[in-house]
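Let's take a friendly look at the pockets of a protein. Keep the structure open beside you as you read.

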Amino acid sequence: MAASYNPDEVVTDFYPFYRLYKDGRVERFYELYGITEVPPSPEDPATGVSSKDVNIFPHVSARLYLPKNTTSDQKLPVLVYYHGGGLVLGSAFFKTEHCYLNHLISESNCVAISVNYRLAPENDLPTLYQDCWDALQWVASHVDATTVNKEPWIENHGDFNRMFVAGDSAGGNIVYNIVMRAGRESLIGDVKLLGAILAFPFLLFPSLENIEHTMIYKLWNTICPPFEHGINSPMVNPEKSPSLSRLGCLRLFVCTGEKDDLIPREIVIRFVEVVKESEWKGEIEFIEVEGEGHCFQAANPEAEKAKDLIKSMASFIRRK
């Protein structure tokens with residue numbers, strides 16, 4: 001006799017992050033971390049940055065940011081940002097992301113698009129990466145005169161000669177994949193990425209000692225499609241990329257924290273080494289912040305070391 005179907009049967013238990021049930025439901029434990037969504041603000045009290053939400057595609061939305069005192073014809077760098085969360089958690093609309101980006105945008109004086117992409121495990125990783133690529137293409141489409149329904153903040157203020165992508169943690173992994181793809185494929189209007197920020201990036205290197213004991217190793221092997229070869233997938237292991245020398249930007253900013261226990265500093269340092277060992281001709285800037293942990297600048301952007309790191313990121317974006 002066939003076993004009865006139980007929709008509440010747990011297929012994957014990755015507590016305290018998520019549980020995947022037999023019927024496809026995903027339970028995420030945001031309440032454990034006190035994480036909540038917040039609305040956009042016409043003018044943030046702390047920074048004066050304005051924000052609003054837009055729908056890009058049926059499954060992809062974004063929060064847009066514009067600095068204080070932007071004049072009607074002022075052109076600013078364009079920053080496309082991807083949030084963290086292990087590729088299984090997170091939102092562009094969470095309070096932590098919103099507060100952090102208000103500070104980053106204020107300091108950088110750029111127009112920003114924070115992408116809300118679909119998550120694993122209910123969506124496979126290629127779908128997630130495609131969402132993020134499509135959002136970038138949507139931003140780039142604002143240079144095309146034939147594009148309809150353009151977003152005024154991007155159209156009126158975006159300087160597409162100064163276009164950047166950035167992400168923290170899993171967002172750093174997305175940025176890595178986006179920049180690799182930009183080295184193979186053109187953006188609409190032949191827009192070029194000037195730079196990319198990979199902050200505490202979710203990457204893996206099998207050669208590093210005890211990597212198999214880390215949470216990110218276990219998480220990646222849980223959500224990675226079988227055909228992508230786990231830790232040997234070029235989506236997470238730059239050493240397996242056949243074309244690292246073709247990174248699709250001119251400059252990289254990479255940072256880590258000395259006491260990061262989620263993405264060990266050795267991973268980020270190894271990434272910088274691998275890029276330098278490739279034949280990529282761009283510039284790379286690397287910062288390791290003493291005494292700090294994972295994405296500390298996003299958790300408390302008003303702390304002194306967080307301010308310093310945000311200023312370094314902003315300088316990277318403002319530099320022509």
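## A question to start

Which helices each supply at least two residues of the lining of the second largest pocket? Have a look before reading on; the model you are looking at is a predicted one.

The helices are α2 (125-140) and α4 (170-182), each giving at least two residues to that lining. The largest share comes from α4, with 5 residues.

## More on the second largest pocket

To find this pocket on screen, try selecting N177, M180, R181, R184 and M235, which lie nearest its centre. They belong to a lining of 16 residues, and the space inside is about 330 Å³.

What kinds of residues make up this lining? By class, there are 9 nonpolar, 4 polar and 3 charged residues.

## The largest pocket

Now turn to the largest pocket, which holds about 650 Å³ of space. Its lining is made of 26 residues, and those nearest the centre are I35, G84, G85, E97 and H294. Three elements give two or more residues to this lining: α1 (95-108), α5 (215-223) and α7 (296-299). Of the elements, α5 provides the largest share, 3 residues.

How do the residues of this lining divide by class? You will find 16 nonpolar, 8 polar and 2 charged residues around the largest pocket.

## Looking back

To review, colour α4, which gives the second largest pocket the largest share of its lining. Then colour α5, which does so for the largest pocket.

Notes. Residues numbered from 1 in each chain as written. Predicted model: local features only at pLDDT ≥ 70, side-chain atom pairs only at ≥ 80, totals over all residues. Heavy atoms only, no water. 1 Å grid on protein atoms, 1.4 Å probe; cavity = no way out; pocket = protein on both sides within 12 Å on 5 of 7 lines; lining within 4 Å. Points joined across faces, edges and corners; volume = space filled by probe spheres on them. Helix = DSSP H or I, 4+ residues; strand = E, 2+ residues; numbered from the N terminus. Nonpolar A, V, L, I, M, F, W, Y, C, P; charged D, E, K, R; others polar.
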